[in-house]
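Me: I would like to learn how the features of a structural model are read. Please take them one at a time, giving the general idea before the case at hand.

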Amino acid sequence: MGTLLAIIRRDLSLVMRQGSDAFVVLIFFVVTVTLFPLGVGPDPLILQNLASGIVWVSALLSAMLSLDRLFQTDYDDGSLELLVLSPYPLELVVLCKCLVHWLTTGLPIMLISPVLALMLNIKTGAFLYLISSMALGTPIISLLGAVGAALVLGSRRSGVLIALLIIPLTIPILLFGVAAIQAATEGYSASSPLMFLGALLLFSIALCPWVIASSLRQVVS
Amino acid sequence: MHRFANPARFMRIAEPILPWTSMGALAAILLALYFGIFDSPADYQQGETVRIMYVHVPAAWMALFTYTVMALASGSFLIWKHPLADLSAQAAAPIGAGFTAIALVTGALWGQPMWGTWWVWDARLTSVLILFFLYLGYMALVNGFDDSERGSRMGAILALVGFVNVPIIKFSVDWWNTLHQPASISRLDAPAIDPSMLTPLLLMAIGFKLFFISILIVRIKIQLLKKRIRSIQLTN
């Protein structure tokens, strides 16, 4: 347990000291969302209908940007090998790395999304559902993204490859995330899409670490 | 099974099979086209466009079947490290992508007159589109490494991860209320389709499967020969 906390602390401080990386993702998210009113026109009604989709799609795309550095730096400086060779279960180590990734990208995106949704004129009743769908959905993006990051480690054009591999797999998150917000704005119960998101989250917490760990072992071997 | 993982033995078995499967594929597809175009009735509701189904449905079956083959081959490659399993997964991917593309395109051609739209974002169509992206992603990943051995291992893991999509595609028409109609052949009771229409459909399915086997053998053979050429070049 202490080791895992140490890994989390190490990764967090690495991200904090580099600083710019996590910040860039957030800026990209804000800029992408800002592009939509300019692209589809400032009509408040159109923006209101599109708001949930715009916020979710932009969140997905910005998360993709941050994924290639998830294991790359550890791979470059050799600490990945030590993590794989260490006696601690690699699955748990990997889960910690995903947690750090979420804390530094998913969480900021989730926290800033209501402000952007407000600028897109989203209905006030939808805020709670926006936050809760983001809270359930962004960790799944980190977990699936880590699968992609582990798979493309050491390949050419790894950044583009991650997006190509992971975006198709994240489509269910997008569907249920947007469905929850839409249901809330149209007055239906948002509980079933949220439950689906929760199920997906549990499913990926249970399975993704194994996939990530096995591909990292293949990388090191 | 392990006995057949030997490339030389595979070549000895596959070589004589190849002419039979390729001629069989040609015959079955031609027969299916004859029955489908000339010797089957037009549907009372869909009219002549029902004939598109004789290509669309078998292609969609093959899209799922090929991915399943890929996932099984990738799994056995990861577990037993059979080089032949990896070769067959890699050889199957472009064929599967081709069948998926055929299913998507024929579906759109059928959807335009029948549903009045080329494309709807329902669960079946979207999940098949994802399958198409998975095939493309797999091929990009396998070829994305300078070290081809590593590419095959990573591709194998991806193929297994992507397999979650296959049951979703199969059951999407039952789980969600889709515009795409539910299964009419693989049901517990008798197929909900007239024998005159079932004949071209099944013939086409058999033809596609034989075609798949033939192309698979040819592609594996090419890869084996390439490997042999490389090892000869290395020794000289």
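**Reading exposure, packing and contacts**

Reply: B:K81 counts as exposed because it has 11 C-beta neighbours inside 10 Å. Please bear in mind throughout that this is a predicted model.

Me: Where does B:K81 lie in chain B?

Reply: B:K81 is found in the loop that joins α2 (53–80) to α3 (83–115) of chain B. Its backbone also deserves attention: phi of B:K81 is near 60°, a positive value in a residue that is not glycine.

Me: Which residue of the loop between α6 (90–119) and α7 (127–152) of chain A has a positive phi although it is not a glycine?

Reply: That residue is A:N121, with a phi of about 70°. A:N121 sits in the loop between α6 and α7 of chain A. Exposure is judged by counting neighbours, and a residue is partly exposed when the count falls between the limits of 12 or fewer for exposed and 20 or more for buried. A:N121 has 17 C-beta neighbours inside 10 Å and therefore counts as partly exposed.

Me: Is A:E186 buried or exposed?

Reply: A:E186 is exposed, because 10 other C-beta atoms lie within 10 Å. The residue belongs to helix α8 (residues 158–186) of chain A. Separation in space may be set beside separation in sequence: A:E186 and A:V84 are 102 residues apart along the chain, and their C-alpha atoms are separated by 49 Å.

Me: How should the packing of two helices be described, and at what angle do α1 and α7 of chain B pack?

Reply: One considers the angle between the axes, their separation and the hand of the crossing. Helix α1 (residues 7–37) and helix α7 (residues 195–235) of chain B pack at about 150°, their axes being 7 Å apart. Angles over 145 degrees count as roughly antiparallel, so α1(B) and α7(B) are roughly antiparallel to each other. The crossing of α1(B) past α7(B) is left-handed. Sorted by class, the residues in this contact are 20 nonpolar, seven polar and one charged.

Me: What is the arrangement of α6(A) and α9(A)?

Reply: The axes of α6(A) and helix α9 (residues 191–220) of chain A cross at roughly 110° and come within 8 Å. The two helices are therefore roughly perpendicular. From α6(A), the contact involves A:L90, A:E91, A:V94 and A:L95, while α9(A) supplies A:P209, A:W210, A:I212, A:A213, A:L216 and A:R217. Eight of these residues are nonpolar, none is polar and two are charged.

Me: Which residues touch the most other members of the largest nonpolar core?

Reply: In soluble globular proteins, nonpolar side chains tend to be buried together. Here the largest nonpolar core has 130 residues, and A:A146 and B:A63 touch the most other members. Helix α2(B) gives this core its largest share, 15 residues. Beyond its neighbours within four places in sequence, A:A146 contacts A:L70, A:V94, A:K97, A:C98, A:H101, A:C208 and A:I212.

Me: Finally, how many residues of chain B are in contact with chain A?

Reply: An interface is read by its residue count, its contributing elements and its chemical classes. In this model, 16 residues of chain B are in contact with 16 residues of chain A. On the chain B side, α4 (123–142) and α5 (148–162) are the elements that give two or more residues. The largest share, seven residues, comes from α4(B). By class, the chain B side comprises 10 nonpolar, three polar and three charged residues.

Terms used: Residues numbered from 1 in each chain as written. Chains lettered and ligands numbered in written order. Predicted model: local features only at pLDDT ≥ 70, side-chain atom pairs only at ≥ 80, totals over all residues. Contact = placed C-beta atoms within 7 Å. Helix = DSSP H or I, 4+ residues; strand = E, 2+ residues; numbered from the N terminus. Nonpolar A, V, L, I, M, F, W, Y, C, P; charged D, E, K, R; others polar. Core = buried A, V, L, I, M, F, W, Y, C linked by C-beta atoms within 7 Å. Axes fitted to C-alpha atoms, helices over the stretch in contact; angles between N-to-C directions. Parallel < 35°, antiparallel > 145°, perpendicular 65-115°, else oblique. Left-handed = near helix turned anticlockwise from the far one by under 90°.
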